[in-house]
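Here are some notes for a colleague who is coming to this structure without background. Please read them with the model open.

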Amino acid sequence: MILGAGPAGLAAAAALAAEGRRCLIVDPAHRVGGSIRTVREGGWIVETGPNTLQLEHAADHELLCSYGLTDQILEAEAGSARRFILSRGVLRGLRPSPLSLLGSGLLSPLGCLRLLAEPFIPRGGREGETVAGFARRRFGREAAARLMDPVVSGVHAGDPDRLDMAACFPSVHRLEAEYGSVILGLIRRGGSSRRIVGFRQGMQQLADAMGAKAALHGELRLGWKASRLSRGSDGWSARIRRESDGAEEEVRCGRVIVTLPAWKWKDGLFEQRMFERLSPWTRCEAPPVTVVARGYDVGRIRHPLDGFGYLTPGEEGRRVLGCLFPSSVLPGRAPAGKVLRCCFLGGARQPAVARREDGELRGVVDRELAETVGAQGAPEREWIQRWEQAIPQYDHDQRRRESCLETLEREEPGLHFHGAFRGGISLMHAIRCGDALGRRLATRP
Ligand SMILES: Cc1cc2nc3c(=O)[nH]c(=O)nc-3n(C[C@H](O)[C@H](O)[C@H](O)COP(=O)(O)OP(=O)(O)OC[C@H]3O[C@@H](n4cnc5c(N)ncnc54)[C@H](O)[C@@H]3O)c2cc1C
C-alpha cells in the first residue's frame with residue numbers, strides 16, 4: 001500500500017506495476033500529482049508548482065520515457081541556459097561558464113579574485129556546517145551573498161544561515177572532501193549532462209502518465225485519506241477514510257510506503273511507539289510560498305526575457321524571491337504574442353509575505369515586475385497559488401531526522417518512507433528514488 005499519490009508515491013507504484021505487483025495507492029486529493037499543479041486554459045499552460053525537471057543522467061530520460069512520454073518531453077530552449085541574478089537593482093545575466101560570471105558585474109574585482117582563490121583554500125568545515133558558512137569559507141563573503149544565497153532561496157525557499165550544506169547540496173559538499181576544492185572538482189569531474197525538461201501539456205501530464213501506469217496493476221483511491229497505520233502479527237493495517245462522506249475501511253497489506261509530507265504525520269497517523277520514534281520530525285519546518293503567475297501582452301514587457309528567470313539575494317531586501325520566465329523556457333506556455341511570468345513570494349525568511357491578501361500581493365508584484373523587467377500596466381491574466389507548507393527545510397537536524405527513519409524502517413519490517421522530506425527535494429529525485437524503491441520491493445516475496 002502507498003500513502004500519497006504525489007510524484008514519490010506514483011513512481012514507486014509505477015515501478016511495482018512494471019514488475020506485475022499489485023498495490024493500493026491512497027490520496028485525499030481528487031487528482032494525482034501532489035505538489036504538481038498545471039492550469040491549462042485559453043492557450044496558457046501555467047505551472048503553479050514545479051515548472052521543470054532537471055535530468056542528471058540518460059537513465060532519468062529513459063525513466064520518463066517508460067511512462068509512455070517519449071514524444072511528450074520538451075527540452076528547455078537553448079537561450080534559457082542564461083539565468084539572471086538581481087543585484088544592486090540590475091538583472092545580471094549569467095551563462096554556465098566562469099567567464100560569464102566574471103563579466104557580469106555581479107561580483108566586484110575583489111569578490112572575483114576571492115572566488116578564484118577557492119582551489120587554494122584548505123579543506124575545512126565541520127559537521128552540520130550551514131550553506132552560508134560553507135559558501136563564505138570556500139567562495140568568500142560576496143559570492144556567498146550574491147550567488148549561493150539566491151540559489152538557496154530559489155530552490156529551497158530557505159535561509160542559507162539555517163540550512164545544512166551536506167543535506168541540501170550533497171554533491172557540491174562531496175567535491176570539497178574528494179578533490180579539496182569545489183572548482184577543481186567540477187573541472188576534473190568533466191562536463192555535466194544535466195538537462196532541463198518539461199512536457200507538452202505541462203507537469204500534470206507526467207503525473208497522469210505515472211498514475212495510469214500504476215493503475216495497470218494497482219488501484220488508485222483518490223479522495224481517500226490514510227488516518228491510522230498499525231502493525232499486527234500478520235502485517236500492516238491501515239484505516240482509510242473517504243473525505244466526501246467519512247466512510248471508513250480497514251486495509252491489510254504486507255508493506256506500506258509513506259510518502260505524504262512530514263508535516264501531516266502528526267495527525268494521529270502512527271501508533272504511539274512509532275510516533276515517539278518520529279519525534280524529531282515534529283520540528284521539521286516547511287515555510288509558506290505563494291506563487292503569482294501572470295500573462296502579459298509581449299509589448300507590455302520591456303525586458304527581452306531572454307533566459308530562465310531571475311533570483312534575488314537576501315541582501316537586496318526585496319519581497320519577491322525570484323521570477324521565472326516560463327514562456328522563454330518551454331514552447332507552448334502562452335498564446336502567440338503573450339508572455340508568462342511566475343513570481344515566488346514568502347519562504348523561510350519572509351513567511352508573512354506569502355500570507356498577505358491577494359490585493360496586497362498584487363501591489364508587491366506590480367512594483368517588482370515594473371522595476372525588474374519593465375512591465376507596464378495590468379496583466380492580461382493572473383493565477384495565484386498558495387502553498388501553506390511548501391518545501392521541507394533541511395536544517396541542522398535533518399541528518400538526525402533521516403537516521404530516525406532508517407531506525408524505524410529496521411524496527412518495523414514492511415514500513416518504508418520516501419518523499420521530498422528525505423534525501424533531496426527535487427522532483428526528479430522523488431521520481432528516481434521512488435522508482436528504485438518500487439523495483440527493490442518488487443523483488444521481495
Ligand atoms: C511551489 C513549488 C515549486 C516547486 N518547483 C520545483 C521545480 O521547479 N523543480 C523541482 O524539481 N521541484 C520543484 N518543487 C519540489 C517538488 O514539487 C517536490 O519535491 C515533489 O512534488 C515532492 O513529491 P512528493 O511525492 O514527495 O510530495 P507531494 O508532491 O507533496 O505529494 C504528497 C501527497 O501525499 C498526499 N497526502 C497528504 N496526506 C495524506 C494522507 N493522510 N493519506 C494519503 N495521502 C496523503 C497529498 O495529497 C499529496 O498528493 C517545487 C515545490 C513547490 C511547492
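1. Arginine 83 is a charged residue that is buried, because 20 other C-beta atoms lie within 10 Å of its own, and 20 is the number at which a residue begins to count as buried. This is a predicted model, and that applies to every point below. Arginine 83 lies in strand 7, which covers residues 83-87. Setting aside residues up to four places away in sequence, arginine 83 touches Leu94, Gly307 and Phe308. Valine 353 is 270 residues from arginine 83 along the chain, and their C-alpha atoms are separated by 24 Å.

2. The domain assignment divides the protein chain into domain 1 (2-36 + 203-284 + 394-442), domain 2 (57-96 + 287-390) and domain 3 (107-188). Between the C-alpha centres of domain 1 and domain 3 there are 33 Å. Contact between these two involves six residues of domain 1 and seven residues of domain 3. On the domain 1 side, the touching residues are two nonpolar, two polar and two charged.

3. Where does the ligand lie with respect to domain 1 and domain 2? Both domains give residues to the shell around the ligand, so the ligand lies between them. There are 36 residues around the ligand, and those that come nearest are Gly4, Gly6, Gly34, Pro50 and Gly419. Two or more residues of the shell come from each of helix 1, strand 2 (24-27), strand 11 (224-232), strand 15 (289-297) and helix 16. By class, the shell has 22 nonpolar, eleven polar and three charged residues.

4. Helix 1 (residues 7-18) and helix 16 (residues 427-442) also pack against each other. Their axes come within 7 Å and cross at roughly 35 degrees, and the crossing is right-handed. Helix 1 contributes Pro7, Ala8, Gly9, Ala11, Ala12, Ala13, Ala14, Ala15 and Leu16 to the contact. From helix 16 the contributors include Leu427, Ala430, Ile431, Gly434 and Asp435. Taken by class, the residues of this contact are 14 nonpolar, three polar and two charged.

5. Proline 7 is part of helix 1. Which residues does proline 7 contact, leaving aside its neighbours within four places in sequence? They are Gly34, Ile36, Ala207, Leu427, Ala430, Ile431 and Gly434. Proline 7 counts as buried because it has 30 C-beta neighbours inside 10 Å. The C-alpha atom of glycine 314, 307 residues away along the chain, is separated from that of proline 7 by 30 Å.

6. Alanine 5 sits in the loop between strand 1 (2-3) and helix 1. It has 27 C-beta neighbours inside 10 Å and therefore counts as buried. Beyond residues up to four places away in sequence, alanine 5 touches Leu10, Ile25, Asp27, Val32, Gly34, Gly211, Leu220 and Leu222. One of these, leucine 220, is 215 residues from alanine 5 in sequence, with 8.3 Å from C-alpha to C-alpha.

7. Two residues other than glycine deserve a check of their backbone angles. Alanine 157 has a positive phi, near 50 degrees, and belongs to the loop between helix 6 and helix 7 (165-168). Is alanine 157 buried or exposed? It is buried, because 27 other C-beta atoms lie within 10 Å. Leucine 305 has a positive phi of about 55 degrees and is found in the loop between strand 15 and strand 16 (309-311). Leucine 305 has 24 C-beta neighbours inside 10 Å, so it also counts as buried.

8. Valine 152 is in helix 6, which spans residues 141-155. Its 29 C-beta neighbours inside 10 Å are why valine 152 counts as buried. Apart from neighbours within four places in sequence, valine 152 is in contact with Val131, Gly158, Pro160 and Leu163. Arginine 141 is eleven residues from valine 152 along the chain, and their C-alpha atoms are separated by 15 Å.

Conventions:
Residues are numbered from 1 along each chain as its sequence is written. This is a predicted model: local features need pLDDT of at least 70, side-chain atom pairs count only at pLDDT 80 or more; totals for chains, interfaces and linings use all residues. Domain bounds come from an automatic or database domain assignment. Axes are lines fitted to C-alpha atoms, for helices over the stretch in contact, and angles run from 0 to 180 degrees between N-to-C directions. Helices (H or I, at least four residues) and strands (E, at least two) are DSSP runs, numbered from the N terminus. A crossing is left-handed if the near helix is turned anticlockwise from the far one by less than a right angle, and right-handed if clockwise. A residue is near a molecule or strand if its C-beta atom, placed from the backbone, lies within 6 Å of it. A residue is buried if 20 or more other C-beta atoms lie within 10 Å of its own, exposed if 12 or fewer, and partly exposed in between; C-beta atoms are placed from the backbone.
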